[in-house]
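Visitor: I'm new to this one. Could you walk me through it and tell me how you know what you know?

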Amino acid sequence: MRVLVINGPNLNMLGTREPEVYGSTTLPELESRMNGWAEALGVSLDWRQSNSEGEIIDWLQSVDAAGVIINPAALSHTSRAVADAIQAITAPVVEVHISNIKAREAWRAESFVSGACAHTIFGRGVVGYRDALLHLVNSSTLPTAPVRYGPHEDNIGDLRVTGSHLVVLVHGGFWREEYASDTMESIAVDLAQSGLTTWNLEYRRAGGWPGSGHDVLTALDFIPQLERTFDDVTVIGHSAGAYLAMWAIPRTSTTVGRSLQMAGIFDLRSAGTTGTVGARDCLKMIESGAPAILTPGAERTVLFHGLADEVVDPGQSSDLASRSSAELVTTESGHFQWLDPSKEEWQLVKSRIPAESP
Ligand code: DQA
């Protein structure tokens, strides 16, 4: 698979340009990291940068690749012409921004280009480029149908229909807008390739509570209205998504066969005092009325946590296991190995899902 990567105006100055906003990675360093990620995925990259709007439009018009990743830089906020060029071509285009354009000057919050793109990733630093690549690869692997479960634009989930066992995926990211369901896509594809139907949920993030939790509950309640019936349902959450899943499972009218929670947050108060990334978001959840401490419902619950987790303290899972009947599984891993099909951590979680209904 060949992917064209277009970097817009001023991105040639990465590394020295406002490093407090864009980081210290230079464009050539980013290109070499991207080549490493691409090679691991069997993708070849056509890497470009231009300060000229016309040249970028010419590159889009003459694209000869299965997909495009574009960081249009400031052209995102000014150029209907770049948006039109993206609209005019059939190759899927993923828009990337290194910074969180929604949390900066008001004029940056709107991108004219997003509406024409298959997906937009922002605010994840240069790693957003890797995530864009993963999204292109994952969405080219198996057919996916977006299925709405509510009126808000984020009340949607990607359904990959294969077997009669449904696995619902709830992503993490401290209920922040910049982290979206594409972070669970690799494991969704892996499950679907093993014959399990997957529904990878999006939900309202900014603000966290009550929107996020209630969206996940609405999605679980919606399962009987999906296009087919399922013999068995498994719910998998990661990190902040595990909090939402664990809150919603005992409340839904859908029967959940098992709850598998990876690197989860279950005690907002203690997570809010760790001083790590996301601590403030946990306290904000409590201030918005989210229950500070969760306990599992009656279904089979397994809590997976890496003892070297750099984002969520493994005590979150071990404390919950000690005050409930949930099973605890620990590994030596960090926070993200659970989301990577090539890692044994994910395979451990997957091994707890019966391939067909029991
Ligand atoms: C940017 C964000 C834009 O607002 C800005 O004009 C850029 C870079 C980013 O990657 O965060 O040049 O696209």
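Visitor: Why are α2 and α5 called roughly parallel to each other?

Guide: Keep in mind that this is a predicted model. The axes of α2 (residues 27–41) and α5 (residues 127–141) cross at roughly 25°. Angles under 35 degrees count as roughly parallel, and therefore α2 and α5 earn that name. Their axes come within 10 Å, and α2 passes α5 in a right-handed crossing.

Visitor: What makes α7 oblique to α8?

Guide: Again, look at the angle: the axes of α7 and α8 (residues 240–248) come within 9 Å and cross at roughly 55°. Roughly parallel needs an angle under 35 degrees, and roughly perpendicular runs from 65 to 115. The angle for this pair falls into neither range, so α7 is oblique to α8. The crossing of α7 and α8 is right-handed, too.

Visitor: On to the ligand. Which residues are around the ligand?

Guide: You'll find R17, Y22, N71, A73, A74, H77, H97, I98, S99, I101 and R108 there. By type, that shell splits into 5 nonpolar, 4 polar and 2 charged residues.

Visitor: How do you know that S99 makes a polar contact with the ligand?

Guide: One of the polar side-chain atoms of S99 sits 2.6 Å from a ligand oxygen. The cut-off for a polar contact is 3.5 Å, so the S99 pair counts. By that rule H77 has one as well, with a polar side-chain atom 2.7 Å from an oxygen of the ligand. For R17, the distance from a polar side-chain atom to a ligand oxygen is 2.8 Å, again within 3.5 Å.

Visitor: How much of the ligand's accessible area does the protein cover?

Guide: On its own, the ligand has 320 Å² of accessible area, and the protein covers 99% of that.

Visitor: What joins W209 and P210?

Guide: A cis peptide bond, with omega about 5°. Most peptide bonds are trans. P210 belongs to the loop between β9 (197–201) and α7 (211–222).

Visitor: And what is the phi of E18?

Guide: Phi of E18 is near 35°, a positive value, and E18 isn't a glycine. Most residues other than glycine have a negative phi. You can spot E18 in the loop between β1 (2–7) and α1 (19–22).

Methods
Residues are numbered from 1 along each chain as its sequence is written. This is a predicted model: local features need pLDDT of at least 70, side-chain atom pairs count only at pLDDT 80 or more; totals for chains, interfaces and linings use all residues. Side-chain values use heavy atoms; hydrogens and water are left out. A residue is near a molecule or strand if one of its heavy atoms lies within 4 Å of it. A polar contact is a pair of N or O atoms within 3.5 Å; within protein, one must be able to donate a hydrogen and the other to accept it, and residues adjacent in sequence count only if both atoms are side-chain atoms. Accessible areas come from the Shrake-Rupley method with a 1.4 Å probe; for residues, only the protein chains shown count as cover. Ala, Val, Leu, Ile, Met, Phe, Trp, Tyr, Cys and Pro count as nonpolar, Asp, Glu, Lys and Arg as charged, and the others, Gly among them, as polar. Axes are lines fitted to C-alpha atoms, for helices over the stretch in contact, and angles run from 0 to 180 degrees between N-to-C directions. Helices (H or I, at least four residues) and strands (E, at least two) are DSSP runs, numbered from the N terminus. Angles under 35 degrees count as roughly parallel, over 145 as roughly antiparallel, 65 to 115 as roughly perpendicular and the rest as oblique. A crossing is left-handed if the near helix is turned anticlockwise from the far one by less than a right angle, and right-handed if clockwise.
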